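Got the viewer open? Keep the selection panel handy, and we'll go from the whole chain down to single residues.

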Amino acid sequence: MKDDGRITRVDVLAFEKWHIPEKVYMYKVEVNRENETVCGIVYRSFVEFNELYIKLCRRFPFAHLPPLSQGTNVGRSNIRKVAERRQADLQQFLNALFEYHPEVASSDLVYTFFHIIFRDSAPDESNQFLQLTKVDENDIPSKKVTGRIFLRLTYDQQDGDLNVFVGHVRGLKIINGQAPDSYVKTYLRPDPQRSSKRKTHVVKNTQMPTFNEEVCSYSLSIISKPIV
C-alpha cells in the first residue's frame with residue numbers, strides 16, 4: 001500500500017447520507033500524499049474508522065490516540081447531529097495520528113485503510129439503493145460464484161511473508177430476487193488440512209461488497225511451492 005505514496009495529511013471534508021444498501025453517513029476524506037499535486041478522495045463510515053482505531057490501539061498501546069466517540073453509540077451513525085459531532089472527533093484523531101505518531105501513521109493498517117477501493121473511484125454507483133441485476137427467466141439458480149474481485153498480494157522477500165489484501169467485489173448475481181451475503185476465503189496450497197484457511201468478515205445484502213481487509217500474512221518459507 002505504501003507504493004501509493006507517503007501520506008502526509010488527511011482531512012475530513014464533509015459527510016453524506018449513503019445507502020449501501022443500509023442508510024449510513026459516509027465521510028468524504030481528502031488524502032494528501034507526498035510529491036502528489038492532486039489529493040485522493042476516499043469515503044469511509046464512522047464504524048470503519050472505529051475499527052481502524054481499535055486495531056491501532058491494540059497494536060500500538062503506547063500511542064494514546066484521542067478517542068473517536070464522546071458518549072455516542074456507534075450504532076447511531078445514521079443520525080445527522082451525531083454525524084456532525086463525529087466529524088470533529090475524526091479530524092482530531094487524524095490530526096493527532098499524522099502530527100504526533102508518525103510510526104503509527106506509517107503502519108500497514110493505516111495505508112490499507114486509505115487505499116483507493118471501488119467505492120472511492122465510483123461513489124455515485126456505490127451510493128444508491130440496491131439495483132437488482134436482470135436475470136434471464138431461463139437462468140437456473142446455482143451455487144456458482146460470479147463477479148470480479150479486487151485483491152492485492154505483496155511479498156516480503158526478507159521475511160518470506162505473503163500478505164493478502166481483499167478490497168471489494170463487483171457484479172455478484174441476484175438469485176430469486178435476493179442479493180447475497182458475501183465473504184472471501186483464502187487458502188495457501190498445498191494444504192490438505194486447510195490450516196491456512198482465512199476468511200473476511202461478512203458483508204450482507206449487496207452485489208458490491210467492500211471488505212477493505214488485510215486477511216492474513218502467510219509465511220512461504222515453510223511451504224514448498226505454495227499456490228494461493
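What share of the 228 residues of the chain counts as buried? The figure is 41%. Bear in mind as you click around that this is a predicted model.

**The whole chain**

Start with a cartoon coloured by secondary structure. You should find six helices and eight strands. Trace them from the N terminus and the order reads β-β-β-α-α-α-α-α-α-β-β-β-β-β. Now switch on contacts: taking those with a separation of 6 or more, 62% join residues 24 or more positions apart.

**Helix H2**

Next, select residues 80-100, which is helix H2. Put a distance between the end C-alphas: the 21 residues of H2 reach 30 Å, close to the 30 Å expected at 1.5 Å a residue.

Show side chains and pick out the buried ones. The list is Val82, Ala83, Arg86, Gln87, Asp89, Leu90, Gln91, Phe93, Leu94, Ala96, Leu97 and Phe98. What do the buried residues of H2 pack against? Their partners are strand E1 (7-19), strand E2 (23-33), H1, helix H3 (102-105) and helix H4 (108-113).

**H1 against H2**

Add residues 46-59, helix H1, to the selection. Two packed helices are described by the angle between their axes and the distance between the axes. For H1 and H2 the angle is about 35° and the axes lie 12 Å apart. Their crossing is left-handed.

Zoom in on the side chains here. From H1 come Phe46, Phe49, Tyr53 and Leu56, and they meet Arg86, Leu90, Phe93, Leu94 and Leu97 of H2. Sorted by class, this contact has eight nonpolar residues, one charged and no polar.

**Cysteines**

Now for the sulfurs. How many disulfides does the count come to? Zero. Select Cys39 and colour by accessibility: Cys39 counts as partly exposed because its relative accessibility is 27%, between the cut-offs of 20% for buried and 50% for exposed. Cys57 has 29% relative accessibility, so Cys57 is partly exposed by that rule.

**Ser219**

Last stop: select strand E8, residues 210-219, and go to Ser219. Is Ser219 buried, exposed or partly exposed? With a relative accessible area of 28%, Ser219 is partly exposed.

Then show what surrounds it. Setting aside neighbours within four places in sequence, Ser219 is in contact with Gly160 and Asp161. Draw a C-alpha to C-alpha distance from Ser219 to Gly160 and you get 5.8 Å, although the two are 59 residues apart in sequence.

How values were computed:
Residues are numbered from 1 along each chain as its sequence is written. This is a predicted model: local features need pLDDT of at least 70, side-chain atom pairs count only at pLDDT 80 or more; totals for chains, interfaces and linings use all residues. Side-chain values use heavy atoms; hydrogens and water are left out. Axes are lines fitted to C-alpha atoms, for helices over the stretch in contact, and angles run from 0 to 180 degrees between N-to-C directions. Helices (H or I, at least four residues) and strands (E, at least two) are DSSP runs, numbered from the N terminus. A crossing is left-handed if the near helix is turned anticlockwise from the far one by less than a right angle, and right-handed if clockwise. Contact means heavy atoms within 4.5 Å. Ala, Val, Leu, Ile, Met, Phe, Trp, Tyr, Cys and Pro count as nonpolar, Asp, Glu, Lys and Arg as charged, and the others, Gly among them, as polar. A disulfide is a pair of cysteine sulfur atoms within 2.5 Å. Buried means under 20% relative accessible area, exposed over 50%, partly exposed in between (1.4 Å probe, protein chains only). The expected span of a helix is 1.5 Å times one less than its number of residues.
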